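Please walk through this structure with me, one group of contacts at a time. Keep the sequence and the 3D view open as you read.

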Amino acid sequence: MKKFQNRWDWPRWGTLVLAYLLTVPLCAAAGIFLVDSVEYVTVLRGRYPELLYALPCVGLAIAGGYRLCKIPLLATLRFIVNRHNRIYYVSSWIAPLVYGTTVLSHAAGASVGCEGSSFLVGASLGSKISRTLRVNHRDVRPIICCGMASAFAPLLGTPLTAAAMILEMTPSRRIRYIIPCLGAAWCAYGLSLWTHVVPMRYTLYTVSTLGDVAWLKLGVLSFLFLAVGDGFRRLLLGFFHEIPRWIPLPYVRIFLAGVLFVVLIETTGGLDYCGTGRGVIHEALSGNARPEAFLWKMGLTILCLGSGYKGGQIVPAFFIGATLGCTAGNLLGLDPCLTAAMGFVGVFCGVVRCPLASLFLALEIFGPEAFFCFVPMAGIYFGVSLGGKNFFRKFF
């Protein structure tokens, strides 16, 4: 009997279950509140386009807020991920700080997403709950992972993708985390549906009519999309590392980036590149896109995120992939809707380096009818970039 009691540490498990029950709904509500806030300020910016001119001043406010909270201005998901194995806890200031600065960045028109912010908010809230309840240090990582999955799932309405991304991106890749993360993501998704958050869904109709030559062209495009996604990720990381050397002062750096962004938007008249650009994504998946759109979005996103404006790179990756795929499909005589969808998933895979999450994303957003079109693309990335041995080492 004593051995059984030692094996089942009831106070530890009770605290863990309580932390889980508090983390999942709280982080889900935070993710829903974030996406609703971003949509609200996006509509507001559409009514008042002159808010774009406030971007440099918003940048100064963001830099001041991070300095006040003693958090590096360029802190991203890596700021959380690199501490999973060593410190376990995340600053409680990150959740309100990231939420406020992300909403401000979108209100002023910065070319950013919001999914990276949801990861940070979920990690911060999960860490705060773990610290408050004095959760055992061995159980902090799964609570933080569940918080991140709960905060991300409502943004796109993709619970499977959220759980898979957490398991593939963080150093705490363990199969035993998959059930808590999946449960957290599905609960958050259900809560988002209950609060009338519309998930991102599209339908493809011409998949069954493809010939052998078309499949060969799609294979070549798969390499292109993965290469563009990887190039976008490398350029963003390079800009992150180099711009502090060029302009050491964060206030000057983010202010000048805001001025340059406003000048470029006014010169090109490209208000579509502001914010997430979901309208352009919808048009590209419908077969209409400007050929140069993906290059402008890539450059402007690197400028904003690299200088300190807050958001994420996943939705801009959707923009880049969808517009590039639509353009390539029109040039090669393929269905632009199908190639835009493949670019949507392929660039995402190259950016986040998560082939399993990419397959789940294709399944959840485009449905099972076109799922087999995306399997070779994930297989190419798996074979070229990860390798089978390294892949299985990530989970076992």
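**Charges, rings and helices**

The charged end of Lys-297 sits over the ring of Phe-319, at 5.0 Å from the ring centre. The model is a predicted one. A second lysine does something comparable: Lys-310 lies over the face of Tyr-66, 4.5 Å from the centre of that ring.

Now turn to rings that meet other rings. How many aromatic pairs does a search of the whole structure find? The search finds ten. Take Phe-239 and Trp-246 as one of them: this pair is edge-to-face, with 6.1 Å centre to centre and 75 degrees between the planes. An angle over 60 degrees counts as edge-to-face, so 75 degrees qualifies. Are the two partners buried or exposed? Phe-239 has a relative accessible area of 17%, so it counts as buried, the limit being under 20%. Trp-246 has 57%, which is over 50%, so Trp-246 is exposed.

Phe-318 and Phe-344 form a pair of another kind. Their rings are stacked, 4.1 Å centre to centre and with 10 degrees between the planes. This pair links distant parts of the chain. Phe-318 belongs to helix H14 (residues 314-332) and Phe-344 to helix H15 (residues 336-352), with their positions 26 residues apart in the numbering. Both Phe-318 and Phe-344 are buried. They also belong to a cluster: ring pairs link them with Tyr-202, Phe-348 and Phe-366.

Stay with helix H14. Most of this helix is covered, as 16 of its 19 residues are buried. Does its span agree or disagree with its residue count? At 1.5 Å a residue, H14 should span 27 Å, and its end C-alpha atoms are 26 Å apart, so the two agree. Just after H14 comes Gly-333, which takes a positive phi of about 75 degrees.

Next, look at the salt bridges. The count comes to three. Begin with Asp-230 and Arg-233, whose side chains meet at 2.7 Å, N to O. Both residues lie in helix H10 (residues 212-246), three residues apart, or about one turn of the helix. Asp-230 is buried because its relative accessible area is 18%. Arg-233 is buried too, at 13%.

Asp-230 has another partner. Arg-234 forms a salt bridge with Asp-230, and the closest N and O atoms are 2.7 Å apart. These two also lie in H10, four residues apart, about one turn of the helix. Arg-234 counts as exposed because its relative accessibility is 53%.

Further along H10, the side chains of Glu-242 and Arg-245 meet in a salt bridge of 3.4 Å, N to O. They are three residues apart in the helix, again about one turn. Glu-242 is partly exposed, with a relative accessible area of 29%, and Arg-245 is exposed at 63%. Which residues do shared partners join into one network? They are Asp-230, Arg-233 and Arg-234.

Finish at the surface. A nonpolar patch there has about 630 Å² of accessible area in total, and its members include Leu-60, Leu-249, Val-252 and Phe-255. Helix H11 (residues 250-268) supplies the largest share, six residues. Tyr-251 is also a member of the patch, and this tyrosine is found in H11. At 33% relative accessibility, Tyr-251 counts as partly exposed. Patch residues need over 30%, so Tyr-251 passes that cut-off.

Conventions. Residues numbered from 1 in each chain as written. Predicted model: local features only at pLDDT ≥ 70, side-chain atom pairs only at ≥ 80, totals over all residues. Heavy atoms only, no water. Phe/Tyr/Trp six-rings, centres within 6.5 Å; stacked < 30°, edge-to-face > 60°. Buried < 20%, exposed > 50% of the residue type's maximum accessible area, 1.4 Å probe, protein only. Lys NZ or Arg CZ within 6 Å of the ring centre and 35° of its normal. Patch = residues over 30% accessible without salt bridge, like charges linked within 9 Å, V, L, I, M, F, W, Y side chains within 5 Å. Areas by Shrake-Rupley, 256 points an atom, 1.4 Å probe, with all protein chains shown as cover. Salt bridge = Lys/Arg side-chain N within 4 Å of Asp/Glu carboxyl O. Expected span 1.5 Å × (residues − 1).
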